[in-house]
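Student: Hi, I've just opened this one and would like to walk through it with you. Can we start with how the helices sit on the sheet?

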Amino acid sequence: MAEAAIAARLRAAGCVFAEEEARLLVESAPTPARLEEMVAERAEGVPLEHVLGWAEFCGERVLVRPGVFVPRHRTELLVRLAVAAIGELPGSEHRPVLVDLACGSGAIAAVVAGRVGDVAVYAADIEPAAVAVAVRNLAPYAGQVFEGDLFDALPGELRRRVDVLVANVPYVPSAAVDLLPPEAREHEPLRALDGGADGLDVLRRVAGGATGWLRPGGTLLSEIGVDQIEAAKAALTAAGLAPEVVSDDDLDATVILGRR
């Protein structure tokens, strides 16, 4: 199937970047038969990343699979801040410990580990499909991945030993989930999208438990919506963390940090 014909088919299906997607599909398909299947899947609305089996994130390719949350470009801000937080740690007293809760594909932990080098990596997610993918993405960094609900999944030996706790938990208010693009709401786990009535239910749970896992001076980082800043700051303050908010207009991203 010619690339131009694929692009026309994708464009008719509503794909905005049809030419680029057609090129990626042609490059990735192992056989003509599989290419036809991949084009059909994409035309039916399956996320491109799920069709390809990978997503580009922070300039890297990370594995994804159907049923696994696809990392967003806006989350590059969270990665930058996590890398900076590790870089600000005192000298070589101990090997830095990074935990990625609600890790999805493990993309955040993988990119952070790749950028900072020597770091002990742990991750957890409640979705079995996400855990399976994260295991593969974090294998080059000897990352340990656990299945379970937030802190319940982590080994007790990590208590009060975590330097940087990344928790890119869902923050879409329940009433707004139906407004998300079909690619997200129809193909990604609802638990990875729905943050409760005001979008901050899961963040409050994470903040409430964070002080029991962070070292003194350790940092929690989570992505939020710009309209959630004050409520998120209040949640972290109530949990005994000192909040700070960083935004990036180019990425349309806002991250809240909480330092123990």
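Student: Which strands does helix 5 lie across?

Tutor: Keep in mind that this is a predicted model. Helix 5, residues 76–87, lies across strand 6 (162–167), strand 7 (214–224), strand 8 and strand 9. Its direction is at about 30° to strand 9.

Student: And what does helix 9 lie across?

Tutor: Helix 9 (residues 201–210) lies across strand 6, strand 7 and strand 9. Relative to strand 7, helix 9 runs at about 175°.

Student: OK, so the sheet itself. In what order do the strands come?

Tutor: The order is 5-4-3-6-7-9-8, an open sheet of 7 strands with mixed pairing. Strand 5 (144–147) and strand 8 (242–248) are the edge strands; each has a single partner strand, so one side of each is left without a neighbour in the sheet. On average, neighbouring strands are turned by 20° against each other, direction ignored.

Student: In which sense do strand 8 and strand 9 pair, parallel or antiparallel?

Tutor: Antiparallel, with 7 bridges between strand 8 and strand 9, the latter spanning residues 253–259. If you want a spot to look at, Ser247 stands opposite Thr254 in strand 9.

Student: Nice. What about strand 1, who is it paired with?

Tutor: Strand 1 (residues 54–57) pairs with strand 2 in the antiparallel sense, over 4 bridges. Glu56 stands opposite Arg61, and Phe57 has Glu60 as its bridge partner.

Student: How many residues sit between the strands in that hairpin?

Tutor: There are 2 residues between strand 1 and strand 2, and Cys58 takes a positive phi near 55° there.

Student: Switching to pockets: which residues line the second largest one?

Tutor: Cys58 turns up again, along with Glu60, Arg61, Val62, Ala110, Val111, Gly114, Arg115, Asn137, Pro140 and Tyr141. That pocket has a volume of about 180 Å³.

Student: Which element gives the most to the lining?

Tutor: Helix 6, with 4 residues. Strand 2 (60–63) and helix 6 (107–116) each supply at least two residues of that lining.

Student: And how do the lining residues divide by type?

Tutor: They come to 6 nonpolar, 2 polar and 3 charged.

Student: Last one, zooming out. How many helices and strands does the protein have?

Tutor: The protein has 10 helices and 9 strands. Its radius of gyration is 19 Å, close to the 18 Å that the globule rule gives for 260 residues, so the protein is as compact as a globular protein of that length. Along the principal axes, the C-alpha atoms fill a box of roughly 60 × 40 × 30 Å.

Methods:
Residues are numbered from 1 along each chain as its sequence is written. This is a predicted model: local features need pLDDT of at least 70, side-chain atom pairs count only at pLDDT 80 or more; totals for chains, interfaces and linings use all residues. Side-chain values use heavy atoms; hydrogens and water are left out. On a 1 Å grid over the protein atoms alone, a cavity is a set of points where a 1.4 Å probe fits but cannot get out, and a pocket is an open set with protein on both sides within 12 Å along at least five of seven lines; lining residues have an atom within 4 Å of a point. Grid points are joined across faces, edges and corners, and a volume is the space filled by probe spheres set on the points. Ala, Val, Leu, Ile, Met, Phe, Trp, Tyr, Cys and Pro count as nonpolar, Asp, Glu, Lys and Arg as charged, and the others, Gly among them, as polar. Two strands pair if DSSP finds at least two bridges between them. Axes are lines fitted to C-alpha atoms, for helices over the stretch in contact, and angles run from 0 to 180 degrees between N-to-C directions. Contact means heavy atoms within 4.5 Å. The radius of gyration is taken over C-alpha atoms; the globule rule is 2.2 Å times the number of residues to the power 0.38.
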